[in-house]
Structure formats: structure tokens, C-alpha cells
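Trainee: Please show me the structure, and then I will ask about its parts one by one.

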Amino acid sequence: MKEKYYITTPIYYPSGAWHIGTCYTTVVCDALARFKRMDGYDVFYLTGTDEHGQKIEKIAAAAGEDTKKFVDKRVENLIQLWKVLNISYDKFIRTTDEQHEKAVQKIFTKLYEQGDIYKSEYEGWYCTPCESFWTKTQLKDGKCPDCGREVELTKESSYFFRLSKYRDKLIDLIENDPDFLQPKSRRNEMLNNFLKAGLTDLAVSRTSFKWGVPVPFDPDHVVYVWVDALTNYITALGYMSDDEELFRKYWPADLHMMGKEIVRFHSIIWPAMLMALGLPLPKKVYGHGWLMLGSDKISKSKGNIVDPFILSGRYGVDSVRYYLLREVPFGADGAYSNYSFLSRINADLCNSLGNLLSRTTAMINQYFGGKIPAEREATEFDAELEALINGVYGKVKKDMEELLVPEALNEIFTLVNRANKYIDETTPWLLAKEEGKKARLASVLYHLAETLRVAGVMLEAFLPETAGKILADLGTDVCDVFEGNVSYGKLTGEENFVKGAPLFPRIDINKELANMEKIAEEAAKAKEEKKEGKPAEPKKEEPAKAEIGIEDFAKIELKIGKILTAEKVEKSKKLLHFSVDTGDRVRSIVSGVAKYFTPEEMVGKEVVVVANLKPATLGGVLSEGMILFAENADGLATVEPGRPVGGGSTVS
Ligand code: ME8
């Protein structure tokens, strides 16, 4: 039977626009989950949304919206983001799910009945953005010690959890089980700043607002949002429901991953709650660092957003995944900049990996018509590369087990770089010209193809889309497991080696930096206009268009897109927002056609999409392409193929 592996991200507050920092925990956990699956584990990867609490209630009220409708929309948008980023979660839990809410109530009642929760009065400070209680002495210059924002003096009737009772056990856990909380720096922080400084009981209910799970035996109170949220890790598995099978199978968690600012909740409050419930503790809690913009944490509430939809639409999903997995030293903070993002793509994905693939497949086609002959003459150069190919999996596995994700990727790219150097050393273009060197040339090309195959299989865990393209160009398939697929010698040479499109087109960095700034400015302007409710500029009469040559037309990439979902853009009478499958991915596209079509009639249609249009923000929503319509005096009509051809079909 397969060994189980239960991995979780925190559940996200659906409170603002998603940014590249938001994606960090989830992309890292996705690589870990994919790696474990391919390593033969029975993986359960959980993520979701944390939808209750004063913060969300306030933000929804400020937007003039019903709270549930507000979170529904934000959650849908987050699910779309995870789809774009190829996140392979096994379950997405929402804390507004009925099963979760019921289980929270049962947990609260159980803890109350056994005396771990009691009623009293809370008087102290509350930070709404962090949903944290603080004592006066914990405040820093009168502000929240975690985020530095204003706190509110709060006095209300409250239920309390006897957190202080678990202090000694928690100290023992963190001091004596070095695996439980990592990296090490977080362990010292928790011990010195919180546990040893004294631990007071925790207020676990609120009465000053309503958006939460009601305390079942005292409905004026709602359960404190962190207690509600932390239990998601067990309620998602069916704990305290009619069906606890998943809970029995997967609990305890093997890894709770999160940003460092919420380690306190996961390494103190959460284990204490589990101790009170008599449940086993998670095996590991890991607090990673932040992605910073300048000296600030990129954050939903600070407005310093770097939009992951735009980045993945423009540079490809795997560019974003690669940057997050590779650039940030795991456990520490990393600084995002457009320059470092573009440079990473160019240096590693385009120059190292992309070039190795295109050179190798081009040479196999040029010299041998797309197959590698079976007669091959090897030398010690080949033996050295072969040894590197055979060693890479072991090194990557060790790094992944120690959560050294950038190092793991580095091992794969060391192999790729070595193979690029091997091309220069073995000079296949000269071998091709020399008499009697065919067998030597075949061996060189076979070793290059094998390097790419093993790198491709390993990359399935990190860059699934790119790995699929590499393996397809080698005429082979992606695989489900590493075993039997990560050592030298699996290709026969009879596969169909094709020289496909470049994996990552080379970016002109200076030009692109200017483009990125323009996009950011447009997005900020659109957001501002949305806030102010400014009407759109009146449409100007368009001058007659000049003649163009075929080379101009060839610059436009037209594709068939299948409309998967359609909805009105809020506060706009004109705009409809579509998710459109264009074969390469699902795009977000906004069109000003609400006057002519209902969302319902558009769903399922196959339409013509301009696929290489620069992304823009319309009505505050990202638009990655344009749907074409025909227009006459009666209004607009869709332009559709004469028979169903499927999203992604080309139009030429
Ligand atoms: O904290 N860099 O949710 P959240 C790296 N609902 N990671 C970042 C980041 C950045 N700039 N910004 C955010 C919550 N994150 C609670 C969790 S769990 C029971 C409840 C990470 O939406 C952050 O560290 O504020 C966390 O891991 C995740 O995004 C969700 O943060």
C-alpha cells in the first residue's frame, strides 16, 4: 500500500486582489505535492478560503455588497487563479461550507463541555487586518506588532480557550521535536517571544459583528475566525461528520506550509487545540519567508500588487512558477522585481533549457531525419554525462525532503547546463561533416535526448506544462512516477523527435520593462476609474484603415476559443467577462457586448479570439485577448466556425 502524505496551504482570505506573493505558498506546495505523488505517495493536497471574520465583513460592507456574494466572487476568482497556475489540489475547502460550519460548532461545544472553553469578558486590543488579539504590552508603538497597523480597543463578552494550560506541553514539543517547527529561526521566535514570555488564555468568540459561525449554545457569539479557520485542516477530511474515512486515512498532516507571519497560530494555538481534542499533532509546520516589493511585503491590503494573471498570461504560467520556486531562498524573504523576473526567464528557461531542447531536436532532425540510429559509439565524455543523469533524481529527492526547493531545481538546471557545455565539447556539427563519425554523432545526440528526457520527467513536479512540451518534442509521454523513468537509457531512438516552437521566446528585457510599466499604469488607472465610477470615453470615429501586407496580418494570432463561463462585469452595463479555453490555457476575456448577448447564451459557443493581443484591464477585470464579432444595423453577432472544432484550433 502507498504511504500517505497530507500537505496543506493556509486557507486564503478572499479580501482583496490576488498578487504574486499570494501564489507563493500554493505554488511551492504544488511542487511538493506533485513530487511526492511521482515518488509513489498517496498525496492529499488541501487548500481553500478563510471567509469569515470582521475583516471580510468590513471590506464587503465598504464595497456595498452582501458578504456572501462578495466572498463567492472572490473565491471564484481564486479558483480561476489556481487553474491558471496548474495547482493540483485534491480539495478546496471553504469555511462557509455547511459541513465545515457544523463541525466547527461540534468542536466548540466539545471543548466547552470538557472545560477547555469557558465564558468571561475580553478587554484588550484587536488588529482587524490580522484578526489578532493583543495585550497592551505586546503592542509596538501602540500598533499591531505583526503588521504595524492601527489596533482597536475592544471590550466584549467572550468565550476563552484555556491556552495557558498547554504552555508546558507546547514548550516541550517545540524544544524536543526539532522536526515539528521549521526553519529553526521560527522555533526560537515562538519559544522566546510567546511561550516563555507567558501564555494567556485566548478569546475564542466575538459579539461585535455577525459574520462567522454562531456558537451553537450562545448565538450572540460567533466563533473567533482563527479557531474556525485552523480547524479546516481536519474538517476538510470529514472530522466530526458522518464520514470520517479521509480523516482516518490522512490525519495527522505531514506538512502545514505557511508564511512566517502566521506561524504563531499554527505552532501554538493549533497544536493546543489538537491536544485538547485528543488528536495527533501535525508532523511539520513550516514558515516560509515573504516575497517583498522594495522593503514592503507584497500584500492584498497595501495595494502593492503584482498581478499573477497578467504575468502568467504574458510570459506563461511556468515562468511564474519557476520564478517563485527558484528565486526566493526557501525560508527567507526574497525581493520581487520585474527585472529579476525577466532575467530569470531569459537566463534559465530560454537560454539554458529552451536552447538545449531546440538545439538537440534540430540536430536530430537535420542529421538523422528525426530518429537516432541504434549504432552508437560512446566515449568518456558520454560516461560523465550519463553519471550526472543517473545521479540527478537522488539529489533532487534529498533536497525536496529537506524542503530545499530552489536547490532541487538547481540540480536539474546543473544537468541542463552541463549538457549545453557537452554540446560545445563534442561539437556535433563537426562530427556530422566527418566521414565515419555517424555512430559517434548518434551517441552524442542520444545522450542529449536522454538528458532532456530525465530533466523533463523531473520538471513535471515543478513546471508541468513545460515538462509536457519537452517530452512531446522527444516523442515520448509524461509519466506518473519517477521510478523506472529517471535513469539513463529509456529512449529507443525510434521516437519521433520534433523541433517544436521555442519553449520560452527570448525577451528583450529593456523593451519589456517599459511594457510592464505601461501595463501596471493602465491597470492602476482602470482601478481608479472604477473607484470613481467615471464613464468610459466616447468612441471616436475610426479613420479608414490603410492597406497591409500579408506579413502584417501574420502578426495576428487568431484561435478558436470555447467559452466556459460568462458573467456580467459588476457596475458595468456594457461589459461581459468570459473564461475562454484557447487550448493553451483558460483566459479571462472582457468584451463590451452586454447589450447584445446574455451571459447564458454565450456559454459553450466556439468563437474567434485574437490570442496575442496585449493584456489589458477592462472594468477592473483582466482581459487577455479579444473575441471577434460581426456587426450590422441589427447589432452584433458572434463569429463561429461552421462546425465544432474545439478550443485551441487555429484560424488562418
Ligand atoms: O493568513 N509573500 O490568509 P492570507 C509570501 N487566512 N507569501 C505571502 C505573501 C507574500 N508577499 N503575502 C501572502 C491568512 N502570503 C489566513 C490563514 S490558515 C488556517 C488561515 C501568504 O490570505 C501568507 O503568508 O493573508 C499565507 O501563507 C498565504 O499567503 C495566505 O495568506
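Trainee: In what order do the strands of the open sheet of 3 strands with mixed pairing stand?

Mentor: First, this is a predicted model, where local features need pLDDT of at least 70 and side-chain atom pairs count only at pLDDT 80 or more, while totals for chains, interfaces and linings use all residues. Residues are numbered from 1 along each chain as its sequence is written, and side-chain values use heavy atoms, with hydrogens and water left out. Helices (H or I, at least four residues) and strands (E, at least two) are DSSP runs numbered from the N terminus, and two strands pair if DSSP finds at least two bridges between them. The order is β14-β13-β15.

Trainee: Which strands stand at the edges of that sheet, and why is one side of each left without a neighbour?

Mentor: A strand with a single partner has no neighbour in the sheet on one of its sides, so that strand is at an edge. This applies to β14 (296–297) and β15 (334–335).

Trainee: Which residue of β14 is the bridge partner of Leu293?

Mentor: Strand β13 (residues 291–293) runs antiparallel to β14, and 2 bridges join them. The partner of Leu293 is Asp296.

Trainee: What is the order of the open sheet of 4 strands?

Mentor: Its pairing is antiparallel. β5 and β8 have a single partner strand each, so they are the edges. The full order is β5-β4-β6-β8.

Trainee: How many bridges does strand β4 (residues 117–127) share with β6?

Mentor: In this antiparallel pair, Glu121 stands opposite Ser157 of β6. The number of bridges between β4 and β6 is 10.

Trainee: Which residue in β8 is the bridge partner of Phe161?

Mentor: Strand β6 (residues 152–161) and β8 run antiparallel, joined by 2 bridges. In β8, Phe161 is partnered by Leu202.

Trainee: How many residues lie between β23 and β24 in their hairpin?

Mentor: Strand β23 (residues 629–632) and strand β24 (residues 635–638) run antiparallel and are joined by 4 bridges. Asn632 stands opposite Gly635 in β24. The number of residues between the two strands is 2.

Trainee: How many disulfides does the structure hold?

Mentor: A disulfide is a covalent bond between the sulfur atoms of two cysteines. Here the term is applied to a pair of cysteine sulfur atoms within 2.5 Å. For Cys127 the nearest cysteine sulfur, in Cys144, is 3.7 Å away. The structure's count is 0.

Trainee: Why is Cys147 not bonded to the closest cysteine, and which cysteine is that?

Mentor: The two sulfurs are 3.7 Å apart, which is too far for a bond, so Cys147 is not bonded to Cys130.

Trainee: Is Cys127 buried or exposed?

Mentor: The term buried means under 20% relative accessible area, exposed means over 50%, and partly exposed lies in between (1.4 Å probe, protein chains only). Cys127 has 0% relative accessibility, so it counts as buried.

Trainee: What is the angle between the planes of Phe133 and Tyr224?

Mentor: Rings of Phe, Tyr and Trp (its six-membered ring) pair if their centres lie within 6.5 Å; planes under 30 degrees apart are stacked, over 60 edge-to-face, and the rest tilted. Phe133 and Tyr224 are 4.8 Å apart centre to centre and count as tilted. Both of these residues are buried. The angle is 55°.

Trainee: How many residues apart in sequence are the parts that this pair ties together?

Mentor: Phe133 lies in strand β5 (residues 132–134), and Tyr224 in the loop between β10 (222–223) and α7 (225–230). The pair therefore ties together parts whose separation in sequence, in residues, is 91.

Trainee: Is Arg453 buried or exposed?

Mentor: Arg453 is in helix α17 (residues 438–459). A polar contact (N or O atoms within 3.5 Å; within protein, one able to donate a hydrogen and the other to accept it, with residues adjacent in sequence counted only if both atoms are side-chain atoms) of 2.8 Å joins its side chain to that of Glu450. With a relative accessible area of 4%, Arg453 is buried.

Trainee: Is Ala197 buried or exposed?

Mentor: Ala197 is in the loop between α6 (184–195) and β8 (202–203). Its relative accessibility is 59%, so Ala197 counts as exposed.
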